[in-house]
Amino acid sequence: MDLPQMKREKDIKAWAEEIRIFRGVVEEMTGNQVTAESLHNAIVLINNKRRALSRLYDLRKNEKLPISGKDALLISQIAFYDDPTRFTKADACLTGTPLAIPNWKLHNLVETSGGAVVCEEMCTGTRYFERLVDEAEGTVDEQIDHLAERYMGINCACFTPNSARIGDIIRLAKEYKVDGIIDVNL
């Protein structure tokens, strides 16, 4: 795995340890135990939500857009808090920090001015669904390691240096055939 300097193997292990600590706190507070089976089921469920979002974004690669950027952003935002089981049953590239509900002003401005937002390289966009957690069954510790690897592989706009993120933006601009890139910095 080709990781940026800030995402070394020891960083991934440290993040996995934080997840293990969090697991203990959640188990103590709720009285529910995280088992290998329950964690695996949750990983598959959330990966299915990511797959649904990926299908939505694939539609946005069409020359004739079937959905506005504002509506796609709303769906992405809803994915953060909607029931994942229900969510997965429904079937310009923006970069920067996430756009939380009801922050649709930029999409509205672009789309009411004759443009189209076809992709978001944000936490409320491709970063949320592009990388799946390894669904291999195993022990809780092995699955926690898979979670840590997935999340440490995200090229967050808040971290620097992060040259891999520039590569992601260039790749997305080519995939979605964008004419321009708007960087949002809250």
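Biologist: Is Glu130 buried, partly exposed or exposed in this structure?

Modeller: First, note that this is a predicted model. Glu130 has a relative accessible area of 34%. Buried means under 20%, and exposed means over 50%. The value for Glu130 falls in between, so the residue is partly exposed.

Biologist: Which residue forms a salt bridge with Glu130?

Modeller: Side chains of opposite charge can pair when their charged atoms come close. For Glu130, the closest N and O atoms of the bridge are 2.9 Å apart. The partner is Arg171.

Biologist: How many residues apart are Glu130 and Arg171?

Modeller: The pair links distant parts of the chain. Glu130 sits in the loop between helix H6 (126-129) and helix H7 (140-152), while Arg171 belongs to helix H8 (residues 163-175). Along the chain, they are 41 residues apart.

Biologist: Is Arg171 buried, partly exposed or exposed?

Modeller: Its relative accessible area is 30%. Buried would need a value under 20%, and exposed one over 50%. Arg171 therefore counts as partly exposed.

Biologist: Which residues are linked with Glu130 and Arg171 in a network of salt bridges?

Modeller: One bridge in this group joins the side chains of Glu175 and Lys61, at 2.9 Å from N to O. Glu175 is partly exposed at 30% relative accessibility, and Lys61 is partly exposed at 26%. Besides Glu130 and Arg171, the network takes in Asp58, Lys61, Asp168 and Glu175.

Biologist: How far apart are the closest N and O atoms of Arg20 and Asp141?

Modeller: These two residues form another of the structure's 14 salt bridges. Arg20 is partly exposed at 22% relative accessibility. Asp141 is also partly exposed, at 40%. Their closest N and O atoms lie at a distance of 2.7 Å.

Biologist: Which residues make the nonpolar surface patch of about 390 Å²?

Modeller: One member is Tyr81, in the loop between helix H3 (69-79) and helix H4 (84-89). Tyr81 is exposed, because its relative accessible area of 58% is over 50%. The full patch is made by Leu74, Phe80, Tyr81 and Ile101.

Biologist: Which helix gives the most to the lining of the largest pocket?

Modeller: The largest pocket holds about 300 Å³ of space. Of its 14 lining residues, the closest to the centre are Tyr151, Met152, Ile154, Cys156 and Phe159. H6 and H7 each supply at least two residues of the lining. With 3 residues, the top contributor is H7.

Biologist: How many residues in that lining are charged?

Modeller: The lining of the largest pocket divides by class. It has 10 nonpolar residues and no polar ones. The number of charged residues is 4.

Biologist: Is Glu121 buried or exposed?

Modeller: Glu121 is found in strand E2 (residues 119-121). Its relative accessibility is 1%. Since the limit is under 20%, Glu121 counts as buried.

Biologist: How far apart in space are Glu121 and Arg131?

Modeller: The two are 10 residues apart in sequence. The distance is taken from C-alpha to C-alpha. It comes to 13 Å.

Biologist: What separates the C-alpha atoms of Asp11 and Leu39 in space?

Modeller: Asp11 lies in helix H1 (residues 9-30). Asp11 counts as buried, because its 18% relative accessibility is under 20%. Leu39 is 28 residues away along the chain. The C-alpha atoms are separated by 22 Å.

Conventions
Residues numbered from 1 in each chain as written. Predicted model: local features only at pLDDT ≥ 70, side-chain atom pairs only at ≥ 80, totals over all residues. Heavy atoms only, no water. Patch = residues over 30% accessible without salt bridge, like charges linked within 9 Å, V, L, I, M, F, W, Y side chains within 5 Å. Areas by Shrake-Rupley, 256 points an atom, 1.4 Å probe, with all protein chains shown as cover. Salt bridge = Lys/Arg side-chain N within 4 Å of Asp/Glu carboxyl O. Helix = DSSP H or I, 4+ residues; strand = E, 2+ residues; numbered from the N terminus. Buried < 20%, exposed > 50% of the residue type's maximum accessible area, 1.4 Å probe, protein only. 1 Å grid on protein atoms, 1.4 Å probe; cavity = no way out; pocket = protein on both sides within 12 Å on 5 of 7 lines; lining within 4 Å. Points joined across faces, edges and corners; volume = space filled by probe spheres on them. Nonpolar A, V, L, I, M, F, W, Y, C, P; charged D, E, K, R; others polar.
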